Amino acid sequence: MAQRISQEEGLRLFKEGSLEELKARAVEIRNEKNPANRVTFVVDSNPNYTNVCNADCKFCAFYRHKSAKDAYTKNCEEVMEHLQYAKDAGCTTVLLQGGLHPDLSLDYYTDLVRNAKARFPEINPHFFTAPEIYNCAKVSECSIRDVLQALYDAGQRSLPGGGAEIISERVRQQVSPKKMTQGAWIDIHKTAHQIGFRTTATMMYGHVEEPEDILEHLETIRQAQDEIPGFTAFIPWSYKRDRTALRRSVKNWAGVDAYFRILAFSRIYLDNFDHIQASWFGEGKETGVSALGYGADDFGGTILEENVHRATGFINKANVKGMVDMIRSGGYLPAERNTFYDILRVYKSDDEVFVPELQKNQEADQVRILDMATAEV
Ligand code: SF4
């Protein structure tokens, strides 16, 4: 078992280690954690309920102010049409997210969850990122914990990890000072873990951050996972610059090697994370497949619908067969999972699909998480 490395050692390794060294160490850890040579994916969709937002994040091309001609906010029935579309396509997860709408209060969000759970029981509502939870609490004049508990009571069991960007006050001040307050993203995830949610941790790099900011980000989520476990996976992606306000002030765009370095390094550093996700969607199919050789064991989702990357002109598409073919082309065994990383199907060959008894370990995990969740956030 590889030894945990400190933040100082990590910074040195991240800055000075060769990509080959990082790759070799990451693959060794990946194989220890995942001996089956399996790469998982989820059949999912990422629709949006509103693009109205006043946070003005400089890297975002998706949002509109409320008065804009192309601003939209969907009612519950309209959102359910997206879930029906997802259900018809065989999705098991819908990641629903939106801008930080100044008028939508808690009832709007809990209605979405309740309706989704009642009408589409085969789909896990993986709804609302931390900034949306933060905004809902502000608009509804209640606490973060109240919002999360209400969503949990409505039937929600997982949260997506978007909105983290880089957890460093220096970076936050430069790219998204109006979105949340300092430390809010990690506090929301810790509170969610205490209540019993599983969540993901993300990182958007390749803009104004320095290596020190990346280490601070990884150290923050590693500590949180030690304190109150609940992260299922870490998912990094690169900043997409087109049509964003930040594009003119960013000089050093991150290339493919930077992506491989971050994936491999995160696999080494995040020793308490089970899964690291490489993205065919966010980085392109060829890069995505190559990235599986840098310590990742998950390939993200099929993403039936998506509008946030699309707003920057970055468009990629794949279906289940496409995912299976991409994973096989890298030399791995494709397996479909659900949001909680339970394996649903293993694609052994074109003619043989193995369906294991679904391990209902989510309940047991939640008991373990609640036992360990002693700290007040
Ligand atoms: S990233 Fe989210 S919070 Fe920021 S402007 Fe875009 S929609 Fe709003």
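In what sense do β10 and β11 pair, and over how many bridges? The two strands pair in the antiparallel sense, over three bridges. The model in which they sit is a predicted one. Strands of a sheet pair through backbone hydrogen bonds, either parallel or antiparallel. One residue pair that shows the register is Ala335, which stands opposite Val346 in β11. The connection between β10 and β11 is a hairpin with five residues between the strands. In that turn, Tyr341 has a positive phi of about 70°.

The chain then continues from β11 into β12. Another hairpin joins β11 to β12, again through five residues. Strand β11 covers residues 343–347, and its pairing with β12 is antiparallel over two bridges. Val346 has Phe354 as its bridge partner in β12, and Tyr347 stands opposite Val353 of that strand. Val346 therefore takes part on two sides, because a strand inside a sheet can have a partner on each: it faces Ala335 of β10 and is bridged to Phe354 of β12.These strands belong to an open sheet of five, in the order β9-β1-β10-β11-β12, with mixed pairing. β9 and β12 (353–354) stand at the edges and have a single partner strand each, so one side of each is left without a neighbour in the sheet. Helix α13, residues 320–329, lies across β1, β9, β10 (333–337) and β11. The helix runs at about 140° to β10.

At the β9 edge, Gly301 is a useful residue to examine. Gly301 is found in strand β9, which spans residues 298–301. Is Gly301 buried or exposed? Gly301 has 26 C-beta neighbours inside 10 Å, and because 20 or more make a residue buried, Gly301 counts as buried. Leaving aside residues up to four places away in sequence, Gly301 touches Phe41, Val42, Val43, Asp44 and Thr93. Gly301 and Asn46 are 255 residues apart along the chain, yet their C-alpha atoms are separated by 9.4 Å.

Thr93, one of the contacts of Gly301, leads to another pair of strands. Strand β3 covers residues 93–96. In a regular strand the side chains alternate between the two faces of the sheet. In β3, Thr93 and Leu95 point one way and Val94 and Leu96 the other way, and all are buried. Strand β2 (residues 44–45) runs parallel to β3 and is joined to β3 by two bridges. Ser45 has Val94 as its bridge partner in β3.

Two loop residues have backbone angles worth checking. Most residues other than glycine have a negative phi, and most peptide bonds are trans. Asn37 has a positive phi, near 55°, and lies in the loop between α2 (19–33) and β1 (38–42). Phe128 also has a positive phi, near 70°, and lies in the loop between β4 (124–127) and α5 (130–140). Which of the two surroundings is buried and which exposed? Asn37 counts as exposed because 11 C-beta neighbours lie inside 10 Å. Phe128 counts as buried because 27 C-beta neighbours lie inside 10 Å.

The helices α8 and α9 can be checked by their lengths. At 1.5 Å a residue, the twelve residues of α8 should span 16 Å, and its end C-alpha atoms are 16 Å apart, which agrees. The buried residues of α8 are Trp185, Ile188, His189, Lys190, Thr191, Ala192, His193 and Gln194. Just after α8, Gly196 takes a positive phi of about 125°. Helix α9 has 17 residues, 211–227, and should span 24 Å; its end C-alpha atoms are 24 Å apart, which agrees. Buried residues in α9 include Asp213, Ile214, Leu215, His217 and Leu218. Further along α9, Ile221, Arg222, Ala224 and Gln225 are buried. What covers the buried residues of α9 includes the helices α1 (7–16), α7 (169–175), α8 (184–195) and α10 (256–269), together with the strands β6 (198–205) and β7 (231–238).

The last stop is the ligand. Which residues are around the ligand? They are Cys53, Ala55, Asp56, Cys57, Cys60, Phe62, Tyr63, Gly99, Leu100, Pro131, Ser176 and Lys179. By class, this shell has eight nonpolar, two polar and two charged residues.

Notes:
Residues numbered from 1 in each chain as written. Predicted model: local features only at pLDDT ≥ 70, side-chain atom pairs only at ≥ 80, totals over all residues. Helix = DSSP H or I, 4+ residues; strand = E, 2+ residues; numbered from the N terminus. Buried ≥ 20, exposed ≤ 12 C-beta atoms within 10 Å, placed from the backbone. Contact = placed C-beta atoms within 7 Å. Near = placed C-beta within 6 Å. Nonpolar A, V, L, I, M, F, W, Y, C, P; charged D, E, K, R; others polar. Expected span 1.5 Å × (residues − 1). Axes fitted to C-alpha atoms, helices over the stretch in contact; angles between N-to-C directions.
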